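Reader: I should be grateful for a close look at the side-chain contacts in this model, with attention to charged and aromatic residues.

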Amino acid sequence: ASDVYKRQRVLGALGLFGGTQAMGIVCSVVRMKLVALWIGAAGVGLFGLFNTTIELISTLSRLGVRESAVRDIASRHNHDSRSAVIAVVRRWTSFLGLAGAFLTLTMAPLLSRITFGDSDHTWSYMWLSVVVFVNSLTGGELAVMQGCGQLRKLARASLWGAIGGLALSVPMFYWLGIDSVVPSICVYSACTLIAAFYFRDRPVKVKMPVREVVSGGAGFVRLGAWMTVSAFVTLLSQYIFLTWLNMKWGTEDVGAYQAGFTLVDRYVGVVLTAVVMEYYPRLSSGIHSRLITATYVNHEVSLIVRILLPCMVVFILVKEIVIRMLFTDEFLVIGPYVSWAVSAMPLKCASWCLAFVLVARGDGKTYVMCEAASAVLFLLTGVTMFSGYGLTGLGYAYLLWYAAYFTIVSIAVYNRSKVTLKRPVLALVILSSCLSAAIAYLQ
């Protein structure tokens, strides 16, 4: 009965966020399709470069509050205590957002020179400083919804934010062309924040001196700081790789890579993202028991891989049709890269589920070490394989990257908490990746 209940919770979260993300993906597909059609690969490349830079700064300035605060909010069952934590979260995200915006504003000339080799995009980064502030506020509201178990509101806010951002971006793409990239990013962020504010509960006014705000946020900020370091290292590696790709091979190759990465990481990974929204708070609630933690992890990995496997096989077989639908014939070169990268999804699923054990335990130091190793592996495999095999090599790199990362995380989690995957679950993960890789090879 317990397994049935857990399966129903996971499938319920999958249905809720899967459907919401499916609509969000439709918006994203239309957005990228129009960018590819009206602006070209250069436009897709600019989106990738700007978004990666902004995400890098946002991750640094937010101190991981979006992720770590969920744990603190979910653990408070008393209404007054939870209201106090929520007030602290909102004030911290406001302050951190302002700090991040100021950092982006002052570093705009440097960011332009590092990313593009000139100062032509300084004003673009100055405008994008607003996005850093807005994203921080949005992250705080989404953390509150997730921590309070308001998954339906969270899903609606994400959905309507995406729809609003698309509706306002389309005219920009048509009339402004490549000059629409920065305004559309700003508009999308603003729509997401407006939707989050609309669906959130009416804030409870909590009078709290600055000293209590600082001390009240010490717990989730401490864990968030470790998560920030890990996320920053990960994004920094992606930024370095994109910059290297742009400088050495050109914006068109960046656009092709970004299109393939989006297909694999965002569209195929929708199942993983949807389930994790429910998995993380639930895992945090049972982290005190090794047996409960191990049960949650094995159940989650097994269920997600079983859902992913048929999706992966179908995706590999019809990838050219999907690429034509989402982009243009110009992007068919990413086909082999997508096929091999999709084969790594079971390994990524298992890695994520295991890594969340470290986060739920508050073991930030070990988590950072695992993510730092992952970042180094990403750069080494990406640069080496692309130099030798082109875009197809990036697919090999993706598979090798997650195979190594899965091994590292498995060892780390076992050493710290004695939690590991059962043999049947481990076999399912490995066989699923091998089967997908075999299909990619035979195509």
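Author: The account below takes the charged contacts, then the rings, and lastly one helix.

The model is predicted, so local features are given at pLDDT of at least 70 and side-chain atom pairs at pLDDT 80 or more, while totals for chains, interfaces and linings use all residues. Residues are numbered from 1 along each chain as its sequence is written, and side-chain values rest on heavy atoms, with hydrogens and water left out.

Side chains of opposite charge can pair when their charged atoms come close. A salt bridge is counted here when a side-chain nitrogen of Lys or Arg lies within 4 Å of a carboxyl oxygen of Asp or Glu. By this rule there are 5 salt bridges. One of them joins Glu141 to Arg90, with 3.0 Å between the closest N and O atoms. This pair links distant parts of the chain, for Glu141 belongs to helix α5 (residues 122–147) and Arg90 to helix α4 (residues 79–116), 51 residues apart. Helices are DSSP runs of H or I with at least four residues, numbered from the N terminus.

Glu141 also forms a salt bridge with Arg200, where the closest N and O atoms are 2.9 Å apart. Arg200 lies in the loop between α7 (181–199) and α8 (210–216), so its pairing with Glu141 of helix α5 ties together parts that are 59 residues apart in sequence. As to accessibility, buried means under 20% relative accessible area, exposed means over 50%, and partly exposed is in between (1.4 Å probe, protein chains only). Glu141 counts as buried because its relative accessibility is 5%. Arg90, at 17%, is likewise buried, whereas Arg200, at 23%, is partly exposed.

A further salt bridge brings Arg416 and Asp363 together at 2.7 Å, N to O. Arg416 is in helix α16 (residues 364–417) and Asp363 in the loop between α15 (345–361) and α16, so the contact ties together parts 53 residues apart in sequence. Arg416 is partly exposed, with a relative accessible area of 45%, and Asp363 is buried, with 10%. Salt bridges with shared partners join Arg90, Glu141 and Arg200 into one network.

Arg200 has another contact: its charged end sits over the ring of Phe197, 4.4 Å from the ring centre. The charged end of Arg31 is placed over the ring of Tyr188 in this way, 4.8 Å from its centre. The criterion is that NZ of Lys or CZ of Arg is within 6 Å of the ring centre and within 35 degrees of the ring normal.

Rings of Phe, Tyr and Trp (its six-membered ring) pair if their centres lie within 6.5 Å; planes under 30 degrees apart count as stacked, over 60 as edge-to-face and the rest as tilted. The whole structure holds 20 aromatic pairs. Trp244 and Phe386 form an edge-to-face pair because their planes stand at 85°, with the ring centres 6.0 Å apart. Trp244 lies in helix α9 (residues 218–249) and Phe386 in helix α16, so this pair ties together parts 142 residues apart in sequence. Trp244 is partly exposed at 22%, while Phe386 is buried at 6%. Trp401 and Tyr402 make a tilted pair, 4.5 Å centre to centre with 35° between the planes, and both residues are buried. One aromatic cluster includes Trp244, Phe386, Trp401 and Tyr402, and among its other members are Phe241 and Tyr405.

In helix α13 (residues 319–326), the residues Lys319, Val322, Ile323 and Leu326 are buried. They are on the same side of α13 because they cover an arc of only 100° around the axis, taken from the directions from the helix axis to the C-beta atoms. The exposed residues Ile321 and Met325 are carried on the face of α13 turned away from its buried side.

Technical notes
Helices (H or I, at least four residues) and strands (E, at least two) are DSSP runs, numbered from the N terminus.
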